[in-house]
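Got the viewer open and a free hand on the mouse? Let's take a short walk through this model, one selection at a time.

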Amino acid sequence: MLIELADVQFTWRGAKHATLDMPQFSLAAGERLFLHGPSGSGKSTLLSLLTGIHLPQRGEIRILGQNLAALSNTARDHFRADHIGYVFQQFNLLSYLSVLDNVLLSCQFSRIRRERAQAFSGSTKAQALHLLDRLDLTPYLERPVSALSVGQQQRVALARALIGAPEILIADEPTSALDAERRAAFIQLLFECAHEHNTAVLMVSHDPQLAAAFDRSVSLASLNRCSVEAENA
Ligand code: ADP
Ligand code: MG
């Protein structure tokens, strides 16, 4: 299992109720899983636990067999950089850096991903160029990302998440800034590139229409004992 979660409970500091009370959740190698739920239901909170940005007050999360709570903060940051590619809703690109440098950044933070890109493509730059070509971004390599359209920026974020073949790609509402036609195309491209890098996909969204393309689709409410409170909030 790539992700195994057991009996997790998480309450935001100062909040009266837990946001998540989740008996079980898992992601298998190579799986493409879609997790949907209304806005405010705790999707991003769950992703912050799966990536070790926050630790649950109760329960255990294992990524690739590693218990996240057993790592120091620094080791957890390294572990995340090594094994998880992340696509954010707002991209989180560095606007003053070029397209190419934004993608290469992932390899600067992770020796494992640097070495994988080198073994696979000859060099990190060669792999970045390959991914950016797959994503139709070759004409923009040296442009600052701020000069790109929203759709192009989202594809840069995808290349950055996949370079160095992390085991898991996590995407938080990655298509919400795209128009409807571009959404399906972006997800197809994401699948193709993830498959090429042997990377499993966990995507969350409030839009259940995206579910059809995935191997498995789950509603957060079906996993979360707190869901009733969240929906009534
Ligand atoms: P979703 O991603 O499904 O829209 P979130 O995980 O962002 O939902 O939010 C779930 C609940 O947690 C909401 O009630 C929200 O207000 C609360 N929450 C989210 N982030 C924080 C935070 N940084 N501090 C305190 N509460 C938060
Ligand atoms: Mg969210």
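Before selecting anything, one bit of vocabulary: a helix axis here is a line fitted to C-alpha atoms over the stretch in contact, and the angle between two axes runs from 0 to 180 degrees, taken between N-to-C directions. Keep in mind, too, that you're looking at a predicted model.

**Stop one: α3 and α5.** Select residues 99-108, which make up helix α3, and residues 124-134, which make up helix α5. Their axes sit 10 Å apart, and the two helices pack at an angle of about 125°. Angles that are neither under 35 degrees, over 145, nor 65 to 115 count as oblique, so α3 is oblique to α5. Turn the view until one helix lies over the other: α3 passes α5 in a right-handed crossing.

**Stop two: α7.** Keep α5 on screen and add residues 180-196, helix α7. Here the packing angle is about 150°, with 11 Å between the axes. That's why α5 and α7 count as roughly antiparallel to each other. The crossing of α5 past α7 is right-handed.

**Stop three: α6.** Go back to α3 and bring in helix α6, residues 150-162. The axes of α3 and α6 come within 7 Å and cross at roughly 30°, so these two helices are roughly parallel to each other. Again, α3 passes α6 in a right-handed crossing.

**Stop four: ligand 1.** Now select ligand 1 and show the residues around it: Trp12, Thr19, Pro38, Ser39, Gly40, Ser41, Gly42, Lys43, Ser44 and Thr45. Colour them by type and you'll get 2 nonpolar, 7 polar and 1 charged.

Which residue offers a side-chain N or O atom 2.8 Å from an oxygen atom of ligand 1? Click on Lys43 to find that contact. Then switch on the backbone. A polar backbone atom of Gly40 is 2.7 Å from a ligand 1 oxygen, and a backbone N or O atom of Ser41 lies 3.3 Å from an oxygen of ligand 1. Finally, put a surface on the protein: ligand 1 on its own has 560 Å² of accessible area, and the protein covers 54% of that.

Conventions: Residues are numbered from 1 along each chain as its sequence is written. Chains are lettered from A and ligands numbered from 1 in the order in which they are written. This is a predicted model: local features need pLDDT of at least 70, side-chain atom pairs count only at pLDDT 80 or more; totals for chains, interfaces and linings use all residues. Side-chain values use heavy atoms; hydrogens and water are left out. A residue is near a molecule or strand if one of its heavy atoms lies within 4 Å of it. A polar contact is a pair of N or O atoms within 3.5 Å; within protein, one must be able to donate a hydrogen and the other to accept it, and residues adjacent in sequence count only if both atoms are side-chain atoms. Accessible areas come from the Shrake-Rupley method with a 1.4 Å probe; for residues, only the protein chains shown count as cover. Ala, Val, Leu, Ile, Met, Phe, Trp, Tyr, Cys and Pro count as nonpolar, Asp, Glu, Lys and Arg as charged, and the others, Gly among them, as polar. Helices (H or I, at least four residues) and strands (E, at least two) are DSSP runs, numbered from the N terminus. A crossing is left-handed if the near helix is turned anticlockwise from the far one by less than a right angle, and right-handed if clockwise.
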